[in-house]
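Biologist: I should like a close look at a single part of this model, followed outward into its surroundings. Please take the sequence and the coordinates together.

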Amino acid sequence: GIAGFVIRSANALQVSGVDLLYADLSPFAESTRFGNAFLVTTFGFGICLTILVLAWVLDAPLLRWPAFLLALVLVWGYPLSGHQGTEPNSTALTEIADWVHLVTAMLWVGGVLTLAVVVWPLAPDLRRAAFLRFSRIAVFLIGVLLAAGTFVAIQRLPELSDLWTTSYGKTLLVKIGLVCVALAWGGFHHTFVRPRLERGETPPGVGRSLLGESVVALAVLFAAAVLVNG
């Protein structure tokens, strides 16, 4: 978030290199929608982190729910300050669709990443249950993600030729390609790995495969961030 704010500020203020180190970014932070959203979300996610630390220290898992709900609300700051909130043809519906798209993408990416770097290497006893539970909601998340993303893309690019004649469209094509790779990877896990886990088997190489899907999914999320602020 901080890196994104600095890059956006540098573009808006037309400063770069060494000058950026001494530039006053406060006008951008305090006088623009993006700057205001950055301040609110940064402070808000700091509160989320504090709640999660308390949940861990106090061994109170229920505290994770307010942190989760607050994070969902804070995500609204990105479509509100991005193109869906500032374009002349933007509406409340496009902002909601963009928010739904981002939330489902982050839940999907977060789930895959958690399986890859937390559950699989550190909690072998939870592998089967966590994988099967996540696979049940992943299908729903991906369906909603694709529907919301398609709606946003159509609103943003009314003409098909905009896909290859505008910078937004070209970035969207890259994102679509990454999404196709990630969906194919997830489809392999859902079709071949899930049935074996349901039978009580543990297929080899699942952890590495989940890590690979996580890398592609993170690239998708990065492309989504570029589009939101493009």
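Which does Gly-44 count as, buried or exposed, and what is its relative accessibility?

Modeller: The model is a predicted one, and the values that follow are computed from its atoms. Gly-44 counts as buried, because its relative accessibility is 5% and the cut-off for burial is under 20% relative accessible area. The residue belongs to helix H4. Across space, its C-alpha lies 6.8 Å from that of Leu-74, although 30 residues separate Gly-44 and Leu-74 in sequence.

Leu-74 also provides a link to a second residue of H4. Val-40, which is found in helix H4, has its C-alpha 7.9 Å from the C-alpha of Leu-74, with the two positions 34 residues apart in sequence. The solvent exposure of Val-40 is another matter: Val-40 is exposed, with a relative accessible area of 52%, where the threshold for that label is over 50%. Gly-44, by contrast, is buried at 5%.

These pairs can be set beside the geometry of the helices. H4 covers residues 33–57 and H5 covers residues 64–74. The axes of H4 and H5 come within 9 Å and cross at roughly 165 degrees. H4 is therefore roughly antiparallel to H5, and their crossing is left-handed.

The loop between H4 and H5 contains Asp-59. Asp-59 is not a glycine, yet its phi is positive, at about 55 degrees. Most residues other than glycine have a negative phi. As for solvent, Asp-59 is exposed, with a relative accessible area of 65%.

For context, the protein contains 12 helices and 0 strands, so that its pattern along the sequence reads α-α-α-α-α-α-α-α-α-α-α-α. Of its 230 residues, 37% count as buried. Gly-44 counts as buried, whereas Val-40 and Asp-59 are exposed.

Further along the chain, helices H8, H9 and H11 can be described in the terms used for H4 and H5. Helix H8 spans residues 92–122 and helix H9 spans residues 127–156. Their axes come within 8 Å and cross at roughly 155 degrees. H8 is thus roughly antiparallel to H9, and the crossing is left-handed. H8 has 31 residues and reaches 43 Å from its first C-alpha to its last, close to the 45 Å expected at 1.5 Å a residue. A bend of about 40 degrees occurs in H8 at Leu-115.

A polar contact links a residue of H8 to one of H9. His-101 is found in helix H8 and counts as buried, at 8% relative accessibility. A polar atom of the His-101 side chain lies 2.9 Å from the backbone oxygen of Leu-145. Leu-145 is itself one of the buried residues of H9.

The other buried residues of H9 include Phe-131, Phe-134, Ser-135, Leu-141, Gly-149 and Val-152. H9 has 30 residues and extends 40 Å from first C-alpha to last, close to the expected 44 Å at 1.5 Å a residue. H9 bends by about 30 degrees at Ile-137.

H9 also packs against H11, for the axes of H9 and H11 come within 11 Å and cross at roughly 155 degrees. H9 is accordingly roughly antiparallel to H11, and their crossing is left-handed. H11, residues 167–198, has 32 residues and reaches 45 Å from its first C-alpha to its last, close to the 46 Å expected at 1.5 Å a residue. A kink of about 30 degrees in H11 is centred on His-190.

The two ends of H11 may also be described. At the N-terminal end, Thr-166 acts as a cap: one of its side-chain oxygens lies 3.0 Å from the backbone nitrogen of Gly-169. Gly-169 is among the buried residues of H11, as are Tyr-168, Leu-172, Lys-175, Val-179 and His-189. Just after H11, Gly-200 takes a positive phi of about 90 degrees.

To return to the request: Gly-44 is a buried residue, at 5% relative accessibility, placed in helix H4, with its C-alpha 6.8 Å from that of Leu-74.

Key. Residues numbered from 1 in each chain as written. Predicted model: local features only at pLDDT ≥ 70, side-chain atom pairs only at ≥ 80, totals over all residues. Heavy atoms only, no water. Helix = DSSP H or I, 4+ residues; strand = E, 2+ residues; numbered from the N terminus. Expected span 1.5 Å × (residues − 1). Bend = angle between axes of the 7 residues up to and from the residue. Buried < 20%, exposed > 50% of the residue type's maximum accessible area, 1.4 Å probe, protein only. Polar contact = N/O pair within 3.5 Å; in protein donor to acceptor, adjacent residues only side chain to side chain. Axes fitted to C-alpha atoms, helices over the stretch in contact; angles between N-to-C directions. Parallel < 35°, antiparallel > 145°, perpendicular 65-115°, else oblique. Left-handed = near helix turned anticlockwise from the far one by under 90°.
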